[in-house]
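Reader: I'm new to this structure and would love a close look at one part of it. Could you take me to the surroundings of the ligand, after a brief orientation?

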Amino acid sequence: MRTLPFLWRYGRRYTGWILLALVSVATYALATGGVVALVEPLFGEVLMTDERPGAAALVDVEPPPPAAPASAARQPATWLDELKEKLNLRAALQGGYASLKRRLGINADNVVYLVPLLMVVVLLVRSLASFLSGYSFQHIGLGMTTDMRNDLFRRIVDQSSHFHEAHTSGELVSRVVTDVTVMQNASTSRLLDLFQQTPTLLVLLVVLLNINFELALVCLVVAPVFVYPIARFGKGMWRTSHRSQERMADLTQLLSEATRGHRVVKAFGMEDFEHTRFAAATGRHLRVKLRAQILTHVSGPVVEALAAIGAAVFLVYAGKAVRSGQLTASVLVQFMTALMMLYEPVRKLNKVNLILQEARAAAQRVAGILAVPNRVRDRAGATEAGGFRESIRFEGVTFGYGAEAVLREVELEIRRGEVVAVVGPSGAGKSTLINLLPRFYDPDAGRITIDGVDIRDLTLESLRGLIGIVTQETVLFDETVRNNIAYGRSDLPLAAVREAAAAAYADEFILDLPAGYDTRIGESGMRLSGGQRQRLAIARALLKNAPILILDEATSHLDSESEALVQKALYNLMRARTSLVIAHRLSTVKSADRIIVMEAGRITQIGTHAELLAEGGTYKRLHDLQFRA
Ligand SMILES: Nc1ncnc2c1ncn2[C@@H]1O[C@H](COP(=O)(O)OP(=O)(O)OP(=O)(O)O)[C@@H](O)[C@H]1O
Ligand SMILES: [Mg+2]
């Protein structure tokens, strides 16, 4: 997966903002150059540091022709001279400045107003450009990453169960939260730096070369001596801060495990063990932090010392140049201003690479998740399921999660209005069988039909609309009881919700909760008992009022008495529907129209309770085991 095309998929929705961003960074760079350009007249004309006798003759801002170069000019032109000639914007700028002054009627006295005014204008433009570029980069970055998060969430939720088995929820959380945040930070801050500081750097370099070509070359050759240590320190700092974040993540992980599992920790007498583990982790964190401190506190003095040496050399050279009349004081100040302004882009650009590398890795991980094809999806030309009239048929269905088959050539017909119970030992494939009906997985061979139509030729939405399901693991959300039952349909009247709850024998205990139907039930319904959770899940499935009802061990956490009650109520409801019920307790399946016995992925017996008992075999054996007592 290439990173740029991937990013462009999101970026192209923001072309207007991108345009604005580019225009404003260019303006920013030019205005920065403008500030430097104004330094010379500021010092030379306004503050008159040059103290030339003819200072009033303002048109002559050219430094007096140096004495020596006369001989140099006679030498054949080298490539250096050519480059110098090409880069010479100075003359043009000065010409423009002079004609502006002529037109405005500026003389030696009122130039005191002109230059500061121009300075203000240029600085205002620069500030405005800085704001616009900063904001537009934020807008693009935040917008793109928000779109990306939404896409990721959609894709993850749409994905088949295969996907969710291959990717842990922790991994997905870190893709959606951490990786996208890394990209967000990189794009809003570092990308801005890259786009804003690169042209600024170039403009400043051109300005430097224009102010004094030789001096600029000397500085450029010497610069790496200073930039390199700064870069090194930057890298070191970044690495340690990264590592310290990782260590911090270890701490959080340990803390959350120890608090969530506090009962297990105590029951196993492992407080000391946990404490030692935690102390070791804080120790690692401390060491990383202290290393970072050394780097922080060494880097300043080292860079300062280098800068002092550099400044000394520069001043010696500059002093000589001023004395010999090669440089005026104002030009020198201008040069130094440009040099100092160069520091900021260099410092910022130095960090760009590392962070962008990290963001690129994050982008690739996110793109990887988005690129995983969904194995269960609508076929081209899939039709809407109109309803359910006759029967569901499993025709030679074979299925395995991996290489090994979990269901082998299952043949089964369920007629409309039937209650079919599925029993069998743990691991026989009961849950697997019913999970194929809403297409959580597709069969490897054979097919499943509803009213003769292969379910893969129906749209997923309409197929799933036909099915109400209570899964083996009760899934509840940190929401009110009412919203858990109504799940997403906030328009339903409370009466309808209560009716479903009553059918699931839940109404009574719900009314006993502190806020009744408006009680929040905590993460995964933590504040409810196992049986109460199951009854909410049943109520939710009943409220959907779908023609096909699937219950996978839906009453396993209830005591025998309430299970019997719930079952009785359910069977009444099931009469109007077609139901598939998985249960371990045979007492709950006795009244089913037909009972299916599954063993090792095959259906081994089918019949009513009485028929199967008469037949002998597995059902009778299971029955005798459960009812011997
Ligand atoms: N997601 C999965 N990935 C891989 N193998 C699985 C998966 N789910 C189930 N299996 C395997 O498939 C087989 C059938 O599992 P299934 O959940 O259908 O059994 P079951 O009859 O519902 O058992 P139980 O009564 O314990 O719920 C088991 O051997 C199980 O290990
Ligand atoms: Mg199961």
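Author: Counting along the chain, there are 21 helices and 10 strands in the protein, and the model you see is a predicted one. Its C-alpha trace spans about 125 × 60 × 50 Å along the principal axes. The radius of gyration is 39 Å, while a compact globule of 629 residues would have one near 25 Å.

Now to the ligand. The shell around ligand 1 holds 13 residues, and those that come nearest are Glu-165, Ser-426, Ser-431, Thr-432 and Gln-472. Sorted by class, this shell has 7 polar, 4 nonpolar and 2 charged residues. Helix α13, which runs over residues 430–435, gives the most to the shell, with 3 residues.

Let's go through some individual contacts. Glu-165 has a polar side-chain atom 2.7 Å from a nitrogen atom of ligand 1. Gln-472 also brings in its side chain: one of its polar atoms lies 2.7 Å from an oxygen atom of the ligand. With Gly-429 it is the backbone that takes part, as a polar atom there is 2.9 Å from an oxygen atom of ligand 1. On its own, ligand 1 has 630 Å² of accessible area, and the protein covers 63% of that.

While you have the model open, look at helix α8 too, which covers residues 169–211. Its 43 residues should span 63 Å at 1.5 Å a residue, so the 60 Å between its end C-alpha atoms agrees with that expectation. Follow α8 along and you will find a bend of about 35° at Ser-187.

Terms used: Residues are numbered from 1 along each chain as its sequence is written. Chains are lettered from A and ligands numbered from 1 in the order in which they are written. This is a predicted model: local features need pLDDT of at least 70, side-chain atom pairs count only at pLDDT 80 or more; totals for chains, interfaces and linings use all residues. Side-chain values use heavy atoms; hydrogens and water are left out. Helices (H or I, at least four residues) and strands (E, at least two) are DSSP runs, numbered from the N terminus. The expected span of a helix is 1.5 Å times one less than its number of residues. The bend at a residue is the angle between axes fitted to the seven residues ending there and the seven starting there. A residue is near a molecule or strand if one of its heavy atoms lies within 4 Å of it. A polar contact is a pair of N or O atoms within 3.5 Å; within protein, one must be able to donate a hydrogen and the other to accept it, and residues adjacent in sequence count only if both atoms are side-chain atoms. Accessible areas come from the Shrake-Rupley method with a 1.4 Å probe; for residues, only the protein chains shown count as cover. Ala, Val, Leu, Ile, Met, Phe, Trp, Tyr, Cys and Pro count as nonpolar, Asp, Glu, Lys and Arg as charged, and the others, Gly among them, as polar. The radius of gyration is taken over C-alpha atoms; the globule rule is 2.2 Å times the number of residues to the power 0.38.
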